[in-house]
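Got the viewer open? Here's a short guided tour: at each stop I'll tell you what to select and what you'll find there.

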Amino acid sequence: MTIEQIFDGFNQLKVLIIGDLMIDAYTWGKVERISPEAPVPVVNVKQREMRLGGAGNVVMNVQALGAKAIICSVIGKDSYGNALLDLLEEKELSTEGILQSEKRITTVKERIIAGTQQIVRVDTETDRLISENERDLLLTKIKALALDAQVIIFEDYDKGVLSKELIADVIEFAQEHHIPTVVDPKKRNFLNYQNATLFKPNLKELKEGLNIQFDSKDPVELAMAVNMLIETLEVKGAFVTLSEQGVFINFKDEEKHIPAHIRQIADVSGAGDTVISIAACCVALDLSPELVAGLSNLGGGLVCESVGVVPINKERLLAEAKQNYHNRL
């Protein structure tokens, strides 16, 4: 399969994303005085914007790759929840996997920015687990939408949509229907993804999740830690992002460390979301571990050249992939 055929293959995929959907809100303004009420700056607002956040950035990345992306999540039945649905529809994304709950609030992370300086972030959220009834309703949606999906992504932000029970039920269903599962974990559920296909923590999450310390620059120690992860979770493979050290994958009986590409780094925000999106699409196409890790590593680096959280540019990724892999397929 050529690089062009792989990228064309992305267009044929349906990818189901399950996780915590939220709004990233931005308020830009100017500070010209200090408040007479308290020693704080007064921000004169010039512009406001709401964007898809949390698992929504993975949805945007999957869509940018050309695949059909469907998000399954529980949000609040509130004004921000309605705004989230509007954002999805504006981006021509499906809302059929969304459950609105009167018992929850929609997660919003609002950044107040004066000039180029973020002054404060205001979070509106709950991290309690969704109710048993909500979990059952969400699972029903997931099963219906997953039947013709080629891969399922768990995008966990520890906000309560994903629980041990839901994770186990979805992975069991996916195994029965031969659908690979790819995991972007957080702390609370780290050890609850038994039998997933590919587990993608970053270095910090790996150390904290297994409660171990090791020298990530020592290839033997790194490989041993990843082996411990695979054995502990009984997953088929693990893919660890190592920041400036690149990525390491152990999958399909193959181990590969791929160094980071030299980049003009502007902002690392959202790079992990790009990595998991590309990795999942590569797994869906049953690509080699080297290509899963290599293409994901390329994409993660590319988005770091942009300021703010932005989805991958497929044309730029294709151009770099051709340079790096054309003669090796």
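Start by selecting Thr27 and Arg48: Arg48, in S3, is the bridge partner of Thr27. Keep in mind as you click around that this is a predicted model. Now pick Tyr26, and look across to S3, where Glu49 stands opposite.

Next, widen the selection to the two whole strands. Take residues 21-34 for S2 and residues 41-54 for S3; the two pair in the antiparallel sense, with 13 bridges between them. How does the chain get from S2 to S3? Follow the backbone and you'll go through a hairpin of six residues that joins them.

Keep S2 in view and add S6, residues 107-114. S2 and S6 run parallel, and eight bridges join them. For a spot to zoom in on, select Met22 and then Thr107, its bridge partner in S6.

Time to step back and see the sheet these strands belong to. Which strands make it up, and in what order? Colour them one by one and you'll read S3-S2-S6-S7, an open sheet of four strands with mixed pairing. Its edge strands are S3 and S7, the latter at 117-124, and each of them pairs on one side only. Tilt the view a bit: neighbouring strands in this sheet are turned by 20° against each other on average, if you ignore direction.

Now for a helix on top of those strands. Select residues 55-64, which is H2, and you'll see this helix lying across S2 and S3. Against S3, H2 runs at about 60°.

For the last stop, leave the sheet and bring up two other helices: H1, residues 3-10, and H10, residues 314-325. Their axes come within 10 Å and cross at roughly 150°. Are H1 and H10 roughly parallel or roughly antiparallel to each other? An angle over 145 degrees counts as roughly antiparallel, so that is how H1 and H10 are described. If you'd like the handedness too, their crossing is right-handed.

Show side chains here to see who meets whom. From H1, pick Ile3, Glu4, Phe7 and Phe10; from H10, pick Lys314, Leu317, Leu318, Ala321, Lys322 and Tyr325, and you have the residues that meet. Colour this contact by class and you'll get seven nonpolar residues, three charged ones and no polar ones.

Conventions. Residues numbered from 1 in each chain as written. Predicted model: local features only at pLDDT ≥ 70, side-chain atom pairs only at ≥ 80, totals over all residues. Heavy atoms only, no water. Axes fitted to C-alpha atoms, helices over the stretch in contact; angles between N-to-C directions. Parallel < 35°, antiparallel > 145°, perpendicular 65-115°, else oblique. Left-handed = near helix turned anticlockwise from the far one by under 90°. Contact = heavy atoms within 4.5 Å. Nonpolar A, V, L, I, M, F, W, Y, C, P; charged D, E, K, R; others polar. Pairing = 2+ DSSP bridges.
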